[in-house]
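Subject: Handing over the structure, with notes on what was found

Dear colleague,

I am passing this structure on to you, and I would be glad if you could look through it with the notes below at hand. The sequence and the structure come first, and the findings follow.

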Amino acid sequence: MSSDKPVFSDSDLPPLIQHLPKKSGSIASSEIEDASESHHKTGFDLREDRDVDLASEASFHSAVETYSSFGADKDFNSGESHLPHKHHKHPLECSTKERVRGVSWGAMELHDATTNSSSISVPFEISGASSQQHVVHHENRLSSNHNNYNKSQRVRHKSNVQFDDVLLQDDSARLIYINDPKRTDDKCELPGNEIRTSKYTIVTFLPKNLFIQFHRVAYLYFLAIAALNQLPPLAVFGRTVSLFPLLFVLCVTAIKDGYEDWRRHRSDRNENNRESLVLQHDDFRPKKWKNIQAGEVVKIFADETIPADMVLLGTSDQSGLAYIQTMNLDGESNLKTRYAKQETTNAVSSEGCHVSGVIRCEQPNRNIYEFTANMEFNGLKFSLSQSNIVLRGCQLKNTDWIIGVVVYAGQDTKAMMNSTPSPSKRSKLENKTGTLTENKMEFRRASVNGKNYGNSLVMADDTAAAAVIPRRRWKLQSEIPVDPELLTVLQRESHGDDRIAAHEFFLTLAACNTVIPIPTGDTFSRTSDTNEDMEGIEYQGESPDEQALVSAASAYGYTLFERTSGHIVIDVNGEKLRLDVLGLHEFDSVRKRMSVVIRFPNNIVKVLVKGADTTMFSILANDSESHNTIRDVTQSHLNEYSSIGLRTLVVASRDLSNAELEEWQSMYEEASTSLHERAAKLRQTAAFIECNLKLLGATGIEDKLQEGVPEAIESLRQAGIKVWVLTGDKQETAISIGLSCKLLTADMQQIIINGTSEVDCRNLLGDAKAKYGVKSSTNQNRKQKSNSGLGDLDIPNGSKSLSLPKWNPGQEEGTTAPLALIIDGNSLVYILEKELESELFDLATSWANDVSMIQMADVGVGICGQEGRQAVMASDFAMGQFQFLKKLLLVHGHWNYQRVAYLILYNFYRNAVFVLMLFWYILCTAFSTTSALTDWSSVFYSVIYTSVPTIFVGILDKDLSHRTLLKYPKLYAAGHRQEAYNLQLFWITMIDTVWQSLVLFYTPLFTYKDSTIDIWSMGSLWTIAVVILVNVHLAMDINRWVLITHAAVWGSIIITYGCMVVLDSIPVFPNYWTIYHLAVSPTYWITIVLIIIVALLPRFTCKVVCQIFWPSDIQIAREAELLRKRHNHLQSRQQVSS
């Protein structure tokens, strides 16, 4: 690409805010004479200007060969490479300790392109990616030298692409003055670092708690009943006693809420009173967390928790590297890397911090994965990103200490802004979990220069591999299988295209990542005759894909063993290769790729890129027929990898000319320092170099399914559960995974929706509905779109596979096969953005994504994976593997549905039969205000007499054993058919309730109509009769009798008699001594037995008839269980007798 041609025309850009020309830290040859006077003072190595013609198409092979000819240092104890001065052909050399000029690291990082990393280190450093760059003396930074350095500055080539920076002058940006909290809080009231997670105070507890409790409609109902009961014409119970049930529930709930809030207060107090070291009067002194303010400089030691959101200024690592654990934020247990800017690292030490400057950052927000800010320091201005900030709640790991400045404190921290209450859940089940795979990636296949490798893999210690594997110094934690043929290509002493492409292919795998190598310190003896031992190494990264690729590169002889913010060191088949990292563009959901700009020891600069094939093939060079042939062959290899379920990536590279490099650096400086739409501007900057790439090859990584996944999905489908899978892989990969996990079967009719526009998607959906006879469900309850779900919609090759049951089969096609819906990511975007959801949901169910999916689901299930526990923290239930979902749904889900459904009907019956009995009494007394039951009997009926059996049956009852439910998954479909609770069953229960209440009221009335029994004696009989009746009714429906069930059911009847004896023994009560008069009469006991028989006879008859003539699947399974138990019992008795 020509560097003098603008990538974007001025008409494509918004109005710009003009800035002064920015100057660079590189030194032009025309300024040598001005700088020569300070040569001896500054220690610069001055030479005459020598232009070097670096071929833009220089290969990696030439870079390595040139490097080797220079005499690479094989001392692995140092990351430095030493080259003779004669090979340094820059106009003016400025050696630094790290040989870097860092602008950003993590999200993106830029280093000085004109700095040669391979020169000998001297105590001087070029620092800053700024508007004005200064060469700073590392030892004393004398002002006289400063002046001399300024003479040697030149104006960098100005980019044709300019970016507006509206927010740089916007008052909405937050200004943080480093080590000056008073000035930071001068213009606005920033919150302190004290946090509060409690809901109540002593003053607000009672009104606020009552307000929250009465949001429940049931409480309002009971409040209304209690209020009406205070009116004499409407009173059924006593005025005072009628308030007791509601007051009891309110008090218990208030006590529980108060205790929980007291624990929150205690936790807040402990958290706020923790201490950290804060810079005060040029010394770090302890200070309580609650007193820390924005702008203060804080020092954190290893294993300590971060007290506030802080921008890193320096770490114990010379390169500014720090490791943190974010488990308290996102649940992920793997370590994350954060970096202090090179500009501030040298000004920070363990004893103190001499940094002054200002940070202009965005206002507080909830996004824990993004941070946009600029820092002005020592006259320099550079960008800050998410990789430069550590958040409150994180823990420092594997790093002695860090020093940072607080930018967000207290309630402004991202952790506190994300501490929102969980959404309320409804009692309806939706089928939403986490991953199906182990997230343990294994490198399986490789396509290099159009040739396929990986068909025959062997372990590294295999005889076939040992012959070609060179002596290695590094040993991974787990052995990785390799292809002997590919190893032979790498070890071949030739300059052929295959070897060159293979070298650069594995170099890209080792260099284009953010993985951190960590030597373990362990030593391993070699299997060969050599006496040299191997050193253990492991890789820490945020993505298991990257770890797998870097590990694969190491297995083939390219071991990444050192990384700093400015360079990486790779062991290439026993020789150390140090590469300067000039810039890094991390993977994002828009570009679908990442790239790294590398300077080789011979000063060749390359951009190494890897990404999804859908985005990579569009940026490849089409300059020769051979390249097009390799491209076509690689595409066929990718299709092959996808068909066997492998995750694929494409690898490419190209050389950068000096003009292109300077153009990119200038563009990046302007984009990276912008607070307004920084991500979009950085994508434009990345696009400048991610073009006209040379295709190197492709990778195929296996992400194994968890154990038992196919069997679990097959059982769920048999149970009538609609199962779908959302993946970001290629559609061929998605289909292969669907077949391997038995989500898809060979007999399914596949509906594939691959539309390129809204019209295409609408037509495809309509054709599918018409072909397979799917009717529109206008009254279907639909969920709203989830914003977080749109994140995966950015993946154009994402696929959604859905297995559907056998409903509405297409009569025209004459098929009864189940349907499978497969949608690519582009079509899903069109469907959800163009309001075609109704068409989609006629074929599929609604969906969301990741944590939000679990939070919004009626029942969210999280699975503990390799990548963290974020889903677990947001879930209602958590499990270790996907296969456990089978038992959770088919067994516990079935039991729970049967229990809850029955208890809903039983509680309606239990309360209605009692109320209707009182209603018949009021009707017979012409709505008089007299009462037959004492107030205490009315209250105790729901609180004591009948509550305990309900609780134990609802917890312990099981209609079928877990073995039967797992053996016959279709039994779960009883819940889908609503067999245990439906409108018809509800009204049948209510009719039965009316009948039982009539029998309950009129049987004693007719029995004692000619007697002189008083109304209180009649009320006592009604009370004990209704308690026995509802408990026997419950006993008829219990499926699993255990000791505690017997105690609860029959014990509640005994407790009822005991309470009545106590109440009837109190002289002040009107029912004094009534139970003693009734219990001695045989008529009393006969009446109770008659009530039970007559009231339950219709119910018993209907149950017997239905089970004989119209048994359900559950009843048939129960009978089979009973027969099997009897058979086993008989067999055991015969064995004992024999």
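How much area does the protein chain expose, and what share of it do carbon and sulfur atoms supply? The protein chain exposes about 51800 Å², and carbon and sulfur atoms supply 55% of that area. Please keep in mind throughout that this is a predicted model, and that the values in this message are computed from it.

To begin with the chain as a whole, it has 1138 residues, of which 51% are buried, and it contains 38 helices and 38 strands. A search of the whole structure finds zero disulfides. Two cysteines that you may wish to look at are C361, which is buried at 0% relative accessibility, and C761, which counts as buried at 0% relative accessibility as well.

One helix that deserves a look is α34, which covers residues 1015-1037. Its 23 residues, at 1.5 Å a residue, should span 33 Å, and the C-alpha atoms at its ends are indeed 33 Å apart, in agreement with that expectation. Because 19 of the 23 residues of α34 are buried, the helix is largely enclosed by the rest of the structure.

The surface offers a contrasting topic. A nonpolar patch is formed there by L1097, F1100, V1104, V1105, I1108, F1109 and W1110, which together have about 750 Å² of accessible area. Of these residues, V1104 sits in helix α37, which runs over residues 1082-1109, and V1104 is partly exposed, with a relative accessible area of 33%.

Turning to charged side chains, a search of the whole structure finds 31 salt bridges. As background, side chains of opposite charge can pair when their charged atoms come close. Among the salt bridges is that of K287 with E296, whose closest N and O atoms are 2.6 Å apart; K287 is buried, with a relative accessible area of 16%, and E296 is buried too, at 7% relative accessibility. Another joins the side chains of D588 and R591 at 2.8 Å, N to O, where D588 counts as buried at 17% relative accessibility and R591 is buried with a relative accessible area of 5%.

A further salt bridge brings together the side chains of R593 and E690, at 2.7 Å from N to O. This pair links distant parts of the chain, since R593 belongs to strand β29 (residues 593-599) while E690 lies in the loop between α19 (678-689) and β32 (694-705), 97 residues apart. As for their surroundings, R593 is buried, with a relative accessible area of 10%, and E690 counts as buried at 2% relative accessibility. Beyond such pairs, E442, R444, E702 and K704 are linked in a network of salt bridges.

The aromatic rings form a topic of their own, for a search of the whole structure finds 28 aromatic pairs. One of them is the pair of F914 and Y941, which is stacked, with 4.2 Å from centre to centre and 10° between the planes. F914 lies in helix α28 (residues 884-924) and Y941 in helix α29 (residues 935-945), so the pair ties together parts that are 27 residues apart in sequence. Both F914 and Y941 are buried. Elsewhere in the list of findings, F443, F505, F506, Y556 and Y558 form one aromatic cluster.

Finally, there are two individual residues to note. D498 is found in helix α14, which covers residues 497-511, and D498 counts as buried at 17% relative accessibility; its C-alpha atom is separated by 9.0 Å from that of G450, which is 48 residues away along the chain. N763, for its part, lies in helix α22 (residues 758-771) and counts as partly exposed, at 41% relative accessibility. N763 and I753 are 10 residues apart in sequence, and their C-alpha atoms are 9.7 Å apart in space.

With kind regards

Definitions and conventions
Residues numbered from 1 in each chain as written. Predicted model: local features only at pLDDT ≥ 70, side-chain atom pairs only at ≥ 80, totals over all residues. Heavy atoms only, no water. Patch = residues over 30% accessible without salt bridge, like charges linked within 9 Å, V, L, I, M, F, W, Y side chains within 5 Å. Areas by Shrake-Rupley, 256 points an atom, 1.4 Å probe, with all protein chains shown as cover. Salt bridge = Lys/Arg side-chain N within 4 Å of Asp/Glu carboxyl O. Helix = DSSP H or I, 4+ residues; strand = E, 2+ residues; numbered from the N terminus. Buried < 20%, exposed > 50% of the residue type's maximum accessible area, 1.4 Å probe, protein only. Disulfide = S-S within 2.5 Å. Expected span 1.5 Å × (residues − 1). Phe/Tyr/Trp six-rings, centres within 6.5 Å; stacked < 30°, edge-to-face > 60°.
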